[in-house]
Amino acid sequence: MPEYLFDHKHEIVEAIENADQVLLFLDYDGTLVSFKDKPNDVTTAKSVKNVLRKLIKNPKFSVFMITGRELNDIKNLLDTEGASFAALHGLQMEISDGKKFVWPNAEKSRLFLEEIKEDAFSEFKGEKGIYIEDKELTLAFHYRLLPQEKIKDAAKRFREIVEKRDDKNMLEVIKGAELLEVRPKGWNKGKATEFLLKKFAKNKNSIPIYIGDDTTDEDAFDFLKNHGTTIFVSNDSGKATSAQYWVKNPDEVLIFLKSLLDVKIKV
Ligand SMILES: [Mg+2]
């Protein structure tokens with residue numbers, strides 16, 4: 001069971017003070033911002049941008065946005081120079097120095113996704129409450145607006161389309177917040193975090209902090225177990241998670257991030 005973050009703030013602040021570098025991994029939806037019925041309706045609050053900008057300017061912090069959204073989408077939403085991005089669960093990365101990286105297998109499965117997309121658009125055409133989002137390297141099937149009693153059947157039909165088209169078994173369907181998402185198998189936020197940590201941790205005294213709210217963040221929580229601070233965002237403290245700590249909502253995430261601005265820098 002995770003413990004409430006603010007009951008342990010002293011330990012966390014102390015660890016940060018003693019570290020040479022903090023790699024801050026942040027999910028976006030449900031973590032920095034609250035959910036909206038459509039992902040396109042979301043905007044980043046000024047207060048969030050401000051605190052991120054200040055953290056980025058602080059040489060002790062490296063900020064990585066790690067999200068299911070597409071690269072350009074998250075870059076526009078964040079509107080903040082100097083962050084690094086692991087978009088589409090890390091399939092698409094752009095580092096703050098401008099270097100880009102796409103997981104090679106993601107390119108290979110593109111064709112299958114294209115076929116699934118066409119099938120799904122025609123299968124669910126005109127059905128209210130379903131929103132299919134084409135993210136190029138993944139496809140998201142949102143059912144947030146669908147009546148509860150219809151979700152099971154719609155999800156089953158969507159999964160059947162994927163099974164039919166993915167005869168090489170290159171894809172996987174994952175469950176996110178009120179959505180199913182088809183993505184290339186073998187890469188997830190945990191793998192992306194591992195990759196970024198290996199590449200960008202300056203030394204043994206670099207510490208990762210990961211904040212996320214979703215099942216897709218659990219891969220990262222599992223990877224960081226015992227060597228980082230992991231924070232789960234959920235208004236249900238009893239929800240199963242591999243994270244060490246929890247906070248209630250994006251407002252509490254912001255309070256925590258703001259408090260990092262006061263942490264002393266070791267010289
Ligand atoms: Mg999220």
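Contact is taken here to mean heavy atoms within 4.5 Å. In the predicted model, and with residues up to four places away in sequence not counted, Thr 44 touches Tyr 28, Val 33, Lys 49, Leu 77 and Leu 78. The residue is placed in the loop that lies between strand E2 (21-26) and helix H2 (46-57). Because its relative accessibility is 10%, and buried means under 20% relative accessible area, Thr 44 counts as buried. Two of the residues that Thr 44 touches, Tyr 28 and Leu 77, also take part in polar interactions with its side chain: a polar contact of 2.6 Å joins the side chains of Thr 44 and Tyr 28, and a polar atom of the Thr 44 side chain lies 2.6 Å from the backbone oxygen of Leu 77.

A second region of interest is strand E10, which spans residues 179-184 and is mostly covered, with six of its six residues buried. Strand E10 pairs in the antiparallel sense with strand E8 (residues 139-142), over four bridges, and in this pairing Phe 141 stands opposite Leu 180 of E10. Strand E10 also runs antiparallel to strand E9 (residues 171-176), to which six bridges join it; here Ile 174 is found opposite Glu 181 of E10. Strands E9 and E10 form a hairpin with two residues between the strands, and in this hairpin Glu 178 adopts a positive phi near 60 degrees.

Notes. Residues numbered from 1 in each chain as written. Predicted model: local features only at pLDDT ≥ 70, side-chain atom pairs only at ≥ 80, totals over all residues. Heavy atoms only, no water. Buried < 20%, exposed > 50% of the residue type's maximum accessible area, 1.4 Å probe, protein only. Pairing = 2+ DSSP bridges. Polar contact = N/O pair within 3.5 Å; in protein donor to acceptor, adjacent residues only side chain to side chain.
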